[in-house]
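Open the model in your viewer and keep the selection panel handy. We will start with the whole chain and then move in to the ligand.

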Amino acid sequence: MSKFARIIGTGSYLPPEIVTNNDLSKTIDTSDEWISSRTGIKQRHIVSTETTCDLAQIAAENALEMAGIKSTELDLIILATTTPDKIFPATATLLQTAIGATCPAFDLQAVCAGFIFALTTAEQYIKTGAAEKVLVIGSETLSRIVDWNDRSTAILFGDGAGAVVLSGSNEGGILHSKILSDGKYLSALQVNNNYINQTGFIQMSGNEVFKIAVSSLSTLAEETLKSCGMTAEQLDWMVPHQANIRIIVAIAKRIKTPLDKVIITLDKHGNTSAASIPLALDVAVRDGRIQKGQTLLLEGIGAGFSWGSVLLKF
Ligand code: COA
């Protein structure tokens with residue numbers, strides 16, 4: 001049985017169409033100055049006809065290629081998404097067929113914490129010996145649940161997908177993972193639909209979400225480091241959920257990590273929910289900042305609230 005679940009490949013994909021802050025200011029009462037200074041976001045990618053599965057497929061194929069394994073070698077696929085293509089079947093099963101895999105595949109829904117929850121789940125399968133090679137993806141077409149007339153939310157979100165291939169390993173990998181949920185915050189962040197009224201859009205109390213995100217993720221980062229007997233100086237990189245630069249700066253300050261050790265992609269991607277962490281990870285792996293053997297802290301929070309962290313040796 002393998003001691004650790006280790007990332008052996010990363011991949012990502014962004015749809016080609018870019019919507020800048022200036023583009024948004026032509027249709028809603030906002031400005032590049034307001035959005036940039038309050039969030040750090042400059043632009044986001046938006047799908048035209050692509051589905052969540054289409055984005056996931058390209059990200060997954062890139063990750064498999066880096067890992068040097070075929071889709072038929074996978075033992076499990078876990079796809080984190082808030083924007084599945086259909087109520088059923090799971091988008092993960094659509095993806096399984098699209099990439100030519102034959103293993104079990106399921107979706108996991110923990111909104112912006114979805115990738116952390118999926119990674120943590122995959123780790124359990126590997127550590128118990130139930131699986132050896134697992135594909136974990138975060139893929140979102142959030143633009144389909146954004147009210148483009150609501151300036152308090154339309155400025156924040158984007159579409160994209162990120163993926164990792166995990167393999168059993170005895171030489172490092174995930175060292176610590178933790179997931180948490182507290183369902184009493186429904187009114188702070190939700191999609192205002194149910195299965196009777198199918199059409200719904202994101203509704204958010206931005207200030208409340210901001211405060212909870214900073215306090216939950218700072219506390220969790222401190223606890224994670226403590227559980228591993230580590231200090232923040234021993235981290236090579238933080239790869240946080242990309243929601244708002246001010247949230248990231250506040251957390252980094254509290255755990256005393258300089259910003260040049262934090263991977264930031266939200267300026268170009270916006271908040272891509274479950275895709276944001278694996279997208280940021282893949283960008284930094286491919287541009288050479290993240291190197292094999294380095295220690296990474298991944299953290300994310302989403303509606304619910306659900307939040308979690310993964311500390312790993314890359
Ligand atoms: N453009 C211009 N003005 C805007 C605006 C926009 N896009 N959105 C809101 N405003 C206005 C408000 O109406 C308000 O005006 P008022 O003072 O006249 O009432 C003012 O700007 C301040 O609004 P406020 O909501 O207090 O701003 P903020 O500093 O809290 O920033 C967010 C708003 C949404 C950027 C910020 O709260 C945030 O990012 N929260 C976290 C959201 C998040 O990450 N969600 C996903 C979590 S996974």
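A residue counts as buried under 20% relative accessible area, as exposed over 50%, and as partly exposed in between, with a 1.4 Å probe and protein chains only. By that rule, buried residues make up 57% of the 314 residues in the chain. Before you click further, note that this is a predicted model, where local features need pLDDT of at least 70, side-chain atom pairs count only at pLDDT 80 or more, and totals for chains, interfaces and linings use all residues. Residues are numbered from 1 along each chain as its sequence is written, and side-chain values use heavy atoms, with hydrogens and water left out.

**Stop 1: the whole chain.** Show the cartoon: you should find ten helices and 13 strands, taken as DSSP runs (H or I, at least four residues, for helices; E, at least two, for strands) and numbered from the N terminus. The C-alpha trace spans about 55 × 45 × 40 Å along its principal axes.

**Stop 2: the two domains.** Color 4-169 and 174-313 separately; these are domain 1 and domain 2, with bounds from an automatic or database domain assignment. Why does the ligand lie between them? Both domains give residues to the shell around the ligand, so that is where it lies.

**Stop 3: the ligand shell.** Select the residues near the ligand, meaning those with a heavy atom within 4 Å of it. There are 20 around the ligand, and T30, R38, R151, G206 and N244 come nearest. The shell divides into nine nonpolar, seven polar and four charged residues. In this grouping, Ala, Val, Leu, Ile, Met, Phe, Trp, Tyr, Cys and Pro are nonpolar, Asp, Glu, Lys and Arg are charged, and the others, Gly among them, are polar.

**Stop 4: polar atoms at the ligand.** Show R151 as sticks: a polar side-chain atom lies 2.9 Å from a ligand oxygen atom. On N244, a polar side-chain atom is 2.7 Å from an oxygen atom of the ligand. At G206, look at the backbone instead, where a polar atom is 3.0 Å from a ligand nitrogen atom. Now highlight α2 (32-39), α7 (206-227) and α8 (245-254), the elements that give two or more residues to the shell. Of these, α7 gives the most, with four residues.

**Stop 5: a loop residue.** Finally, select N149, in the loop between β6 (133-140) and α6 (151-154). Is N149 buried or exposed? Its relative accessibility is 65%, so N149 counts as exposed. Add T27 to the selection: N149 and T27 are 122 residues apart in sequence, and 7.7 Å apart in space, C-alpha to C-alpha.

Definitions and conventions: Polar contact = N/O pair within 3.5 Å; in protein donor to acceptor, adjacent residues only side chain to side chain.
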